[in-house]
Amino acid sequence: MPALGAYRALFAATGPRLPVLSFLARLPNAMGPLGVLTLLVATTGSYSAAGIATAALGVGAAFGGPAVGALADRYGQRPVGLVAALVDAAGYAGLVAAALLHGPASLVTALATVAGLATPQVGPFMRVRWVHLLRARGKLVPTAFSYEGAVDETSFVAGPALVGLCALMFPPAVPLLIAAALLVVAGLAFALHPTAPAPVAVSGSAAPRARLPRRTVLGLVLAMAALGAIFGGTQTGVTALAGSIGRPGSAGLIYAVLGVGSATAGLATAWLPARFRYPARYLVFAAALAVAVTALLTISGPAGAIAAMAVLGLLVAPYLITVYALAERIAPPGRTATVLTLLAAGIVAGVALGAGLAGTLADRYGFRGAFAVPVAAGLIALLLAATAYRRLARTSAGLVAPGAAAGDSAPRRPESLVEA
């Protein structure tokens with residue numbers, strides 16, 4: 001199916017309300033890291049303290065994400081999504097109060113951890129919903145994943161941009177308060193939407209759950225962690241750069257340029273030829289990403305940062321979409337949300353690690369020191385892709401690229417990967 005027609009078919013399957021809700025419900029997650037950085041730099045004056053709290057947010061999400069996904073597989077997205085949205089909103093509100101009242105660092109870190117643990121897994125949940133909605137039209141699932149990659153990236157444009165605009169015009173607590181409000185409004189509405197799939201197992205008599213392909217999933221989780229470290233290190237480096245020129249509020253706007261290119265590239269991924277298989281895409285995009293991040297080391301001011309963000313953005317979404325597509329195909333039946341939230345956890349863990357390391361380096365060596373983190377993460381991403389390529393290529397016949405099997409009713413899952 002031509003890509004434009006496929007996108008029209010996607011929206012026909014959901015109606016207009018669900019895509020809007022899923023986008024708005026993602027914004028708090030996109031706003032969180034930079035919002036915490038901005039607030040705590042303003043209230044403590046320390047990039048290290050801000051980096052530690054941001055790392056705590058990410059570590060909480062890294063541990064909480066897979067738990068939320070597993071609970072949703074077992075009990076359904078509706079009750080799990082409701083509780084997660086409310087607890088996350090309370091965590092952000094408490095963090096704001098503690099920061100403004102100059103509470104102890106341990107309290108601020110604990111509240112950031114709570115907010116991370118309860119992060120609603122909107123992106124992975126929406127991908128699971130696409131698989132259920134398009135069960136009879138499986139050839140549309142890759143297009144849906146391309147769309148989701150673009151939406152993820154668009155949210156990471158709007159989130160940092162919103163943080164940046166609010167930081168320029170309002171007190172630094174406002175972005176996180178907006179995030180808490182969005183969780184209560186859009187997060188709850190998304191959880192309650194009728195497209196939320198029923199739980200996989202509702203009683204003790206249900207069939208045993210399929211085993212996860214641990215080695216393959218671990219490799220893809222680490223690939224996402226490397227991408228997250230690129231995000232976290234780049235965000236911190238841009239924040240330090242903006243502070244060095246006396247305009248700390250501009251960090252969100254500079255970083256948002258990355259998301260603009262990434263969202264555009266994400267939508268365009270649906271046009272890639274079917275013969276360009278997912279294992280090959282993974283290796284090619286990882287190599288291009290590793291080269292692109294080295295441009296960060298040449299930045300000397302805002303103009304260079306904007307140019308580097310634009311180039312980097314063109315490669316982020318294709319990499320992310322490819323890894324998610326590989327993961328969806330190796331996930332055993334009934335474990336899709338678990339696998340996809342593990343990948344999402346990998347991203348946030350990487351963001352946490354990248355932000356924490358980059359914050360320490362920024363305090364010692366300035367923004368150039370912080371940018372060393374994404375450069376190292378890009379090289380790790382390439383190493384992971386090169387290591388996994390042969391094993392993935394051996395099963396590439398089962399990894400169907402968009403449009404490769406137009407007559408198929410559902411994407412195929414290679415048994416050799418499921419049993420790996």
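This report walks through a helix pair, two buried residues, the nonpolar cores and the confidence of a predicted model.

Residues are numbered from 1 along each chain as its sequence is written, and side-chain values use heavy atoms, with hydrogens and water left out. Because the model is predicted, local features need pLDDT of at least 70 and side-chain atom pairs count only at pLDDT 80 or more, while totals for chains, interfaces and linings use all residues.

**A helix pair**

Let's start with helices H2 (residues 17-44) and H9 (residues 214-244), whose axes come within 11 Å and cross at roughly 35°. Helices here are DSSP runs (H or I, at least four residues), numbered from the N terminus. Axes are lines fitted to C-alpha atoms over the stretch in contact, with angles running from 0 to 180 degrees between N-to-C directions. The crossing is right-handed, meaning that the near helix is turned clockwise from the far one by less than a right angle. H2 brings Pro33, Leu34 and Leu37 to the contact, and H9 brings Gln235, Thr236 and Thr239; contact means heavy atoms within 4.5 Å. Three of these residues are nonpolar, three are polar and none is charged.

**Two buried residues**

Thr236 of H9 and Trp130 of helix H6 (residues 122-133) are both worth a look on your screen. Buried means under 20% relative accessible area (1.4 Å probe, protein chains only). The contacts in the table leave aside neighbours within four places in sequence.

| Residue | Relative accessible area | Contacts |
|---|---|---|
| Trp130 | 0%, buried | Leu10, Thr14, Ala144, Tyr147 and Glu148 |
| Thr236 | 2%, buried | Leu37, Ala355, Ala358, Gly359 and Ala370 |

Trp130 and Thr14 are 116 residues apart along the chain, yet their C-alpha atoms are separated by 8.9 Å.

**Nonpolar cores**

A nonpolar core is a set of buried Ala, Val, Leu, Ile, Met, Phe, Trp, Tyr and Cys residues joined through side-chain atoms within 4.5 Å. The largest has 83 residues, of which Tyr282, Tyr319, Tyr324 and Leu343 touch the most other members. Not counting residues up to four places away in sequence, Leu343 touches Leu220, Val221, Met224, Val323, Tyr324 and Ala327. Another core, of 28 residues, lies apart from the largest and includes Met31, Ala89, Tyr92 and Ala173.

**Confidence**

The chain averages a pLDDT of 80, and 85% of the residues score at least 70; pLDDT is the predictor's confidence in each residue, from 0 to 100. Residues 201-207 stay under 50, with three contacts beyond four places in sequence. Residues 396-420 are also below 50, and this stretch has 67 contacts in the model beyond near neighbours in sequence. Where pLDDT is low, the predicted coordinates should not be read in detail.

Technical notes: Helices (H or I, at least four residues) and strands (E, at least two) are DSSP runs, numbered from the N terminus. Ala, Val, Leu, Ile, Met, Phe, Trp, Tyr, Cys and Pro count as nonpolar, Asp, Glu, Lys and Arg as charged, and the others, Gly among them, as polar. Buried means under 20% relative accessible area, exposed over 50%, partly exposed in between (1.4 Å probe, protein chains only).
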